[in-house]
Every structure is written in structure tokens, then in C-alpha cells.
Amino acid sequence: MYRHLARSSLGTLSNIRSRLSSSLSVDLAGVFPPIVTPFDRNEDLYLEKLRHNVDVWKKKSFKGYTVLGSNGEFQYLTIDEKVKVVETLKSEDSEKTIIVGAGHESTKITKNYVSLLAEAGGDLALIYTPCFYRGSMSPSAFIQHFTAIADASPIPIILYNVPANTGLDLPVEAVIMLANHENIVGIKESGGNVVRIGAIAYKTKHLDFQILAGSASFMISSYSVGAVGTVAALANVMGDEVCRLHDSINAKIDCLDLQHKLIAPNTAVTATFGVSGLKFVCDNVGLYGGPSRSPIQPLNDLQREKLSSIMAEVGIVCS
């Protein structure tokens, strides 16, 4: 339950000691690329290509990986497929921290997903805000949802605020309340609202609660108000540059030019061209991107040409 409550009130959960221990030792300072999920031409999982990609990524200075996130097309995978992806990632790189996207619209199903994906090798669970019944998603509904998940979870929970996908923001007052929970250790903020990020950082500064910037486009601004790490799609294909920006910010080295350099390619592989754009660039930098699952469409010729032009400006040649 919550940090301001007596520890004795938590004793009803059989695994509370291990959960508290793991929660208190979490360090999210670093870069966690939200990795793509490889599919073959029939849109079946292509785990051999996932192994190939991890062999490339594990040589980078990443703190860990985010798997089954928005860029991993998690909504299009069955739970059995999700388990296979996490197991494969864990078997290929057991040294780095694995954040698993385990959210679902239902509290009950999310609890089940978290348990299964933790058993598969996930170290932390990233849980998005339920949004289908948007009119019913009050602050109290969110607090109930995330509290029930955190109470039951064998691994620490990271809240996931992604308004571009859900159409809503997790209210700041709910975030601050949830930050008091022993098993909720942070939030991934993908909306880019630096005022919001700063407010959360300020209101939770006395807690073991960390903020991850959800984009490479606003790393400097997010870090300046309290973020400690990033989950950035661009890190799939420009991992060295994103890690260098993270390190430079922390070392207080002037890196404004590098931040500016990353904005256009980051926007291109996220908001402009989406997962198909990110996978297209993967295919051109020695990684496997491959197709997305329907109904996501591949890039057309004009889109590929525009994306190639943007990436050429940062030294990546696409064809």
C-alpha cells in the first residue's frame, strides 16, 4: 500500500517483503529504448530477428529496454506472444533492466498480465492509463486501478501517461497520490508538458519516485525539472546519440546542439511516420524492422522519400 502507512498494514500480501526490497532498489536513471516487435511477412512473431536486434542493442550504453510498449505494438499481440517476446529478450540479455508493457483496459486482466510477464523475465511493469470508457475515468478510478495492480504485482510498477494514444492525461493529483505507494516507483511522461513534469517532480521529491521522459525531443527540458531517464523511440536507431545526450545532461556539458539535432528524426519516427517509419529506419541501420501488424500500413513511396531525407540530415542513409 502507501508509504505513509505502517508497514504492518501490508503484511497480508505474501510477497510484500520481496516487492518492497525490489521497489526501493530501482534506479531508472538511463536510456531505455522502447524496442520494436519483429514480424515476418505473414505478421507472425519473428523471434530470430528479435535476437539479432538485441545482439546489436546490448552493445549500447542502455540502462535497459522497454518491451511491449507503444512502439512494440503491444495492443496487437496475444498474451502468449507477449510472454514469448519477454522470454526471448531476457534470454538474449539478462544483464539489463527490462521494463514490460503490461497494461490492459481491465484492472483484473492487467493484474494477470503483470504476473505472467514478470514470470517471463520482466523487472518492472509499465501500465498505461485505461481510456476506452473515457467518461468513467475519474481520478478516483485511476487511483483504484493502479493501486489494485501495485498491491498484487510481484514487480515494481511504472505509470504510463501517453495522451497522444489514450486521449487523456493521468491527473497530476492522482500521480502524486499513487507515488506514495511502495510498489509504484515512477512514471513515463510522453506528453511533453514540462510544467506538468516539473510539478510532479516537485510534489514527489521526498519519495522514491522517478520520472522518465517519453521522448528524445524534450530530454534537456525534462531533465532540467526532475526527470532522470528516458524511454525514446529514436534510441532504437540512434542509441549512441541518445545515450550521449543523457550523459552530457548529467555531466552538465553543453549539449543543446545535440538536443536540437535529435528533434527532427525523433519526430519523424514517432508522430509523423509512426511505428512503420521507425521500422523502416531499423531496416536501414543493421537492425530488423520488418512489417507492422494490420491495420498499421507500411510507408508509401512518398513517405519513405520524406523520411529518408530527414534521416540523411543526421547521417543515416535509407533506401
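This is a short walk through the sheet, one helix, the pockets and the cavity of the structure above.

Before anything else: the model is predicted.

I'll start with the sheet. There is an open sheet of seven strands, and its order is β1-β2-β3-β4-β5-β6-β7, with parallel pairing. Which strands stand at the edges? Those are β1, residues 64-67, and β7, residues 229-230. Each has a single partner strand, so one side of each is left without a neighbour in the sheet.

Going in from the β1 edge, the partner is β2, residues 97-101, and four bridges join the two strands, which run parallel. If you want a residue pair to find that place on screen, take V67, whose bridge partner in β2 is V100.

Now the middle of the sheet. Strand β3, residues 124-128, is joined to β4 by four bridges, again running parallel. A125 stands opposite I157 in β4. The connection is a right-handed β-α-β unit made of β3, helix α5 at residues 139-152, and β4.

β4 itself is residues 157-161. How many of its residues are buried? Five of five, so to speak of it as mostly covered is fair. In a regular strand the side chains alternate between the two faces of the sheet. For β4, I157, L159 and N161 lie on one side, I158 and Y160 on the other, and they are all buried, which leaves both faces covered.

Next to β4 comes β5, and these two pair in the parallel sense over five bridges. Two residue pairs mark the register here. I158 stands opposite G186 in β5, and N161 stands opposite E189 in β5.

β5 covers residues 184-189, and six of its six residues are buried. On its other pairing, β5 goes with β6, residues 210-213, in the parallel sense over four bridges. I187 stands opposite I211 in β6. The path between these strands goes through helix α8, residues 194-203, and the three elements β5, α8 and β6 make a right-handed β-α-β unit.

Stay with α8 for a moment, at R196, which lies in that helix. Is R196 buried or exposed? Its relative accessible area is 8%, and the cut-off for buried is under 20%, so R196 counts as buried. What does R196 touch, leaving out residues up to four places away in sequence? The list is N161, D169, L170, P171, V172, V175, I187 and E189. Three of those names have come up already: N161 and E189 are the pair across β4 and β5, and I187 is the residue opposite I211.

Now the pockets. The largest pocket has a volume of about 810 Å³. There are 33 residues in its lining, and the closest to its centre are S70, N71, Y160, V162 and N165. Y160 is one of the buried β4 residues from earlier. Which elements give two or more residues to this lining? They are α6 at 163-166, α11 at 256-272 and α12 at 274-282. Of these, α11 gives the most, with five residues. By class, the lining has 17 nonpolar, 14 polar and two charged residues.

The second largest pocket holds about 240 Å³ of space. It is lined by 14 residues, of which G290, P291, S292, P298 and L299 are the closest to its centre. The largest share of this lining is three residues, and it comes from α12. So far as class goes, the lining divides into five nonpolar, five polar and four charged residues. Note that α12 appears in both places: it is among the elements with two or more residues in the lining of the largest pocket, and it leads the lining of the second largest.

Last, the enclosed space. How many cavities of 30 Å³ or more are there? The count comes to one, and about 40 Å³ of space lies in it. L68, G69, F74, G101, A102, G103, L126, Y128 and Y160 line this cavity. By class they are six nonpolar, three polar and no charged.

One residue to look at again is Y160. It is buried in β4, it is among the residues closest to the centre of the largest pocket, and it helps line the cavity. That is the end of the walk.

Conventions: Residues are numbered from 1 along each chain as its sequence is written. This is a predicted model: local features need pLDDT of at least 70, side-chain atom pairs count only at pLDDT 80 or more; totals for chains, interfaces and linings use all residues. Side-chain values use heavy atoms; hydrogens and water are left out. On a 1 Å grid over the protein atoms alone, a cavity is a set of points where a 1.4 Å probe fits but cannot get out, and a pocket is an open set with protein on both sides within 12 Å along at least five of seven lines; lining residues have an atom within 4 Å of a point. Grid points are joined across faces, edges and corners, and a volume is the space filled by probe spheres set on the points. Ala, Val, Leu, Ile, Met, Phe, Trp, Tyr, Cys and Pro count as nonpolar, Asp, Glu, Lys and Arg as charged, and the others, Gly among them, as polar. Buried means under 20% relative accessible area, exposed over 50%, partly exposed in between (1.4 Å probe, protein chains only). Two strands pair if DSSP finds at least two bridges between them. A crossover is right-handed if, with the strands pointing away from the viewer, the path from the first strand over the helix to the second runs clockwise. Contact means heavy atoms within 4.5 Å.
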